[in-house]
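Reader: Hi! I'm just getting started with protein structures, and I'd like a close look at the empty spaces inside this one. Could you walk me through them?

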Amino acid sequence: MSHWQTTRFRIDLARPRVMGIVNVTPDSFSDGGAHADTPSALAHCERLVAEGADILDIGGESTRPGAPPVGVEQELARVLPVIEGARALGVPLSIDTLKPEVMRAAIAAGVDIVNDVQALRLPGAVEAVAASPSVGVCLMHMRGDPRTMQQQTQYDDVVAEVAAFLRERVGVLAAAGVAADRITLDPGIGFGKTPEQNLTLLRRQHELLALGHPLLLGWSRKSTLGVLTGRPVGERLPASLAAALAAVARGARVVRVHDVAATVDALKVWDAAALLPVPESGPISLANAPR
Ligand code: HH2
């Protein structure tokens, strides 16, 4: 699948795309409170588009481990004015929610994509997406909910289990009449997984490509990067860039990031490098060895 069909846009995935995160929340794990009111969230949307974001992912409920749930009315009050204001920016808008009521209202308000960390498992979520003729969807794997997910990290084979789960969810959507080119998949880095399991998902990401849908990956600032580098959340930009490039190198077509400008730059260099012919490395000549 070389494109992602969404409501207003058919996103060409011949080059990797950058999804910029807009958390309209007081408590998100890395930027909680930074864009919690409508004017600052909209200013953030404009800034991310100016920096080169291909997609904006707008969320009104934190999914960090232990985050308290937010009511439907409160979530809608956070995200709807931002969706309405950001529609004029000319990029696809995604709603990051697991609630069917929020999906329906956001689709009515004009979002192009539904991004659900629970892969449309709440009752009514599949119907909310299927009722729209063309809204795009990202199905993400997670276990439990944000309060319980980090107690559920026992897998026999994390990659096989994530793949089987995503395959099952794709089947449910297909049965509901959602066209295959509307669906992207995400293994859910950090959602009910240990750092080692997250890295296994990265190393064996090609096995998820076999599901036949574009992969969307969210490594930005996540705690596995903190474990690898010893850095607090505010100092994980280099690690996030390396993870985004590693994900793209293994076939991801969309990366979900907080730091759009830096990621766009990194991907430009990555793309240019990928186009260069790789020089053949011949054997080391003994004649040139220092005496
Ligand atoms: N990660 C977060 C939220 N939504 N959606 C997808 N598809 N993939 C992800 O990896 C993903 C996601 C968590 O990051 P963030 O939105 O910055 O934090 P919070 O959930 O605390 O708002």
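Which residues line the largest cavity?

Author: Sure, and keep in mind as we go that this is a predicted model. The residues lining the largest cavity are Leu 217, Trp 219, Ser 220, Leu 237, Ser 240, Leu 241, Ala 244, Val 255, Arg 256, Val 257, Asp 259 and Thr 263. Two elements, α9 (237-249) and β10 (254-257), each give two or more residues to that lining. The top contributor is α9, with four residues. If you sort the lining of the largest cavity by class, you get seven nonpolar, three polar and two charged residues. The space they enclose comes to about 80 Å³.

How do you spot a space like that? Rolling a probe the size of a water molecule over the atoms shows where empty space is left. When the whole structure is searched, two cavities of 30 Å³ or more turn up. The second largest cavity holds about 50 Å³, and its lining is made of Glu 61, Thr 63, Glu 75, Asp 96, Thr 97, Leu 98 and Val 117. That lining splits into two nonpolar, two polar and three charged residues.

Now hang on to two names, because we'll meet them again beside the ligand: Arg 256 from the largest cavity and Thr 63 from the second largest, as the 4 Å cut-off for being near a molecule will help show. Thr 63 is listed among the closest residues to the ligand, along with Ser 28, Ser 62, Asp 186 and Lys 222. In total, 18 residues surround the ligand, and they divide into six nonpolar, seven polar and five charged.

As for Arg 256, one of its polar side-chain atoms lies 2.8 Å from an oxygen atom of the ligand. Ser 28 has a side-chain N or O atom 2.4 Å from a ligand oxygen, while Phe 29 uses a polar backbone atom, 2.9 Å from an oxygen of the ligand. On its own the ligand would expose 480 Å², and the protein buries 99% of that.

Where does the ligand sit? The space it takes is the largest pocket, which contains about 440 Å³. Lining this pocket are 31 residues, and the ones nearest its centre are Phe 29, Thr 63, Arg 64, Phe 191 and Lys 222. So Thr 63 shows up in the lining of the second largest cavity and in that of the largest pocket, going by the 4 Å cut-off for lining residues. The elements β3 (17-23), α6 (195-203) and α8 (223-229) each supply at least two residues of the pocket lining. By class, the pocket lining has nine nonpolar, 14 polar and eight charged residues.

Definitions and conventions. Residues are numbered from 1 along each chain as its sequence is written. This is a predicted model: local features need pLDDT of at least 70, side-chain atom pairs count only at pLDDT 80 or more; totals for chains, interfaces and linings use all residues. Side-chain values use heavy atoms; hydrogens and water are left out. A polar contact is a pair of N or O atoms within 3.5 Å; within protein, one must be able to donate a hydrogen and the other to accept it, and residues adjacent in sequence count only if both atoms are side-chain atoms. Accessible areas come from the Shrake-Rupley method with a 1.4 Å probe; for residues, only the protein chains shown count as cover. On a 1 Å grid over the protein atoms alone, a cavity is a set of points where a 1.4 Å probe fits but cannot get out, and a pocket is an open set with protein on both sides within 12 Å along at least five of seven lines; lining residues have an atom within 4 Å of a point. A molecule sits in a cavity or pocket if more than half of its atoms lie within 2 Å of its grid points. Ala, Val, Leu, Ile, Met, Phe, Trp, Tyr, Cys and Pro count as nonpolar, Asp, Glu, Lys and Arg as charged, and the others, Gly among them, as polar. Grid points are joined across faces, edges and corners, and a volume is the space filled by probe spheres set on the points.
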